Amino acid sequence: MSEYKLYCFAQSGNAYRAALMLSLIGAKWGPIFVDFFKGGETRMPKYREEVNEMGEVPVLVDGNKKLSQSGVILNYLAEKSGKFLPQGADEKLECLRWMIFDNQKVNGFLGPYRFLRNWAKGADPAVLAFFKGRLDGNLAIVNKRLTGRKFLLGDHPTIADISMCGYMFYPAEEFGFDIPKEHHAIGLWLDRIKTLPGWAHPYELMPGYPIAA
Ligand SMILES: N[C@@H](CCC(=O)N[C@@H](CS)C(=O)NCC(=O)O)C(=O)O
């Protein structure tokens, strides 16, 4: 029987962080598919009342406990499993620093940018251009950080890496630019993450790809 349930769908990089962590720690878990695209499930009162008042995936269920916000879920699973934890007080703060930067400025822009390009009807080109400009700058910051480092905090992978890679394994066509090719150190780091036992692509790990007609 699954130890954990995860409300998720395949196209969500935010949910992928949680799904990837579950897979990397070797947890027994099962997905609960959320029909974001066709059914608008996260916007339904039922979802907001019964699953997550914030109207988002991921949501992790562990017995009676229900957690949302991928950063909270990653912290919870790291503490519980003892895996991918930052070591010591300073590294903990550094980990939090990169996770917040990621949530706000890296995957926080990658997700909406990809959504507008692929699935929103009539996205304003000026909005897309704004996002792309911010992304180029913020990905360059991550690339510089990873130059000469194996992982964001040093030699060992932590939940900061699992958070930061959230959207970066999705196909380049979905972004209209190739993150690993344009940002070489990010490319090498993604290759390193791929070698971690339990790694799987978001479209393999979570249900809902391709989107049903
Ligand atoms: N900061 C949140 C972001 C979660 C998020 O934005 N999830 C998206 C899917 S990728 C969502 O559920 N959006 C629903 C909506 O905005 O209606 C996290 O890291 O968990």
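This is a short guided tour of a predicted model, going from its sheet to its helices and then to its largest pocket.

**Stop 1: the sheet**

Start by selecting strands β1 (residues 4-8), β2 (29-33), β3 (59-62) and β4 (65-68). These 4 strands make an open sheet with mixed pairing, and the order across it is β2-β1-β3-β4. β2 and β4 are the edge strands, each pairing on one side only. Ignoring direction, the average turn between neighbouring strands of this sheet is 20°.

**Stop 2: the two pairings**

Zoom in on β1 and β2 first. They run parallel and are joined by 5 bridges. To see one partnership, pick Y4 and look for W29 in β2, its bridge partner.

Now slide over to β3 and β4. Here the strands run antiparallel, with 4 bridges between them. Click on V59 and you will find S68 of β4 standing opposite. The hairpin of β3 and β4 has 2 residues between the strands, and in this hairpin G63 takes a positive phi near 60°.

**Stop 3: helices across the sheet**

Add helix α1 (residues 13-24) to your selection. Helix α1 lies across β1, β2 and β3, and its direction makes an angle of about 155° with β1. Next add helix α3 (residues 70-81). This one lies across β1, β3 and β4, running at about 130° to β4.

How far apart are the axes of α1 and α3? They are 9 Å apart, and the two helices pack at an angle of about 10°. The pair is therefore roughly parallel, as angles under 35 degrees count as such. To view the contact itself, show side chains for N14, R17, A18, M21 and L22 on α1, and for S70, I73, L74, L77, A78 and S81 on α3. Colour them by type and you will get 7 nonpolar, 3 polar and 1 charged.

**Stop 4: some backbone details**

A general point helps here: most residues other than glycine have a negative phi, and most peptide bonds are trans. With that in mind, select Q69, which is not a glycine and yet has a positive phi of about 75°. You will find Q69 in the loop between β4 and α3.

Then go to the peptide bond from V57 to P58, which is cis, with omega near 0°. P58 sits in the loop that links α2 (45-50) and β3. Another cis peptide bond joins Y209 and P210, where omega is about -5°. For P210, look in the segment after α10 (202-205).

**Stop 5: the largest pocket**

Finish at the largest pocket, whose volume is about 540 Å³. Its lining has 25 residues; select S12, N14, F36, V57 and Y167 to land on those nearest its centre. Two of these names have come up already: N14 takes part in the contact of α1 with α3, and V57 precedes P58 at a cis bond.

Which elements give two or more residues to the lining? They are α1 and α4 (88-118). With 8 residues, α4 gives the most. Colour the lining by residue type for a last look: 10 residues are nonpolar, 11 polar and 4 charged.

Definitions and conventions:
Residues are numbered from 1 along each chain as its sequence is written. This is a predicted model: local features need pLDDT of at least 70, side-chain atom pairs count only at pLDDT 80 or more; totals for chains, interfaces and linings use all residues. Side-chain values use heavy atoms; hydrogens and water are left out. Axes are lines fitted to C-alpha atoms, for helices over the stretch in contact, and angles run from 0 to 180 degrees between N-to-C directions. Angles under 35 degrees count as roughly parallel, over 145 as roughly antiparallel, 65 to 115 as roughly perpendicular and the rest as oblique. Contact means heavy atoms within 4.5 Å. Ala, Val, Leu, Ile, Met, Phe, Trp, Tyr, Cys and Pro count as nonpolar, Asp, Glu, Lys and Arg as charged, and the others, Gly among them, as polar. On a 1 Å grid over the protein atoms alone, a cavity is a set of points where a 1.4 Å probe fits but cannot get out, and a pocket is an open set with protein on both sides within 12 Å along at least five of seven lines; lining residues have an atom within 4 Å of a point. Grid points are joined across faces, edges and corners, and a volume is the space filled by probe spheres set on the points. Two strands pair if DSSP finds at least two bridges between them.
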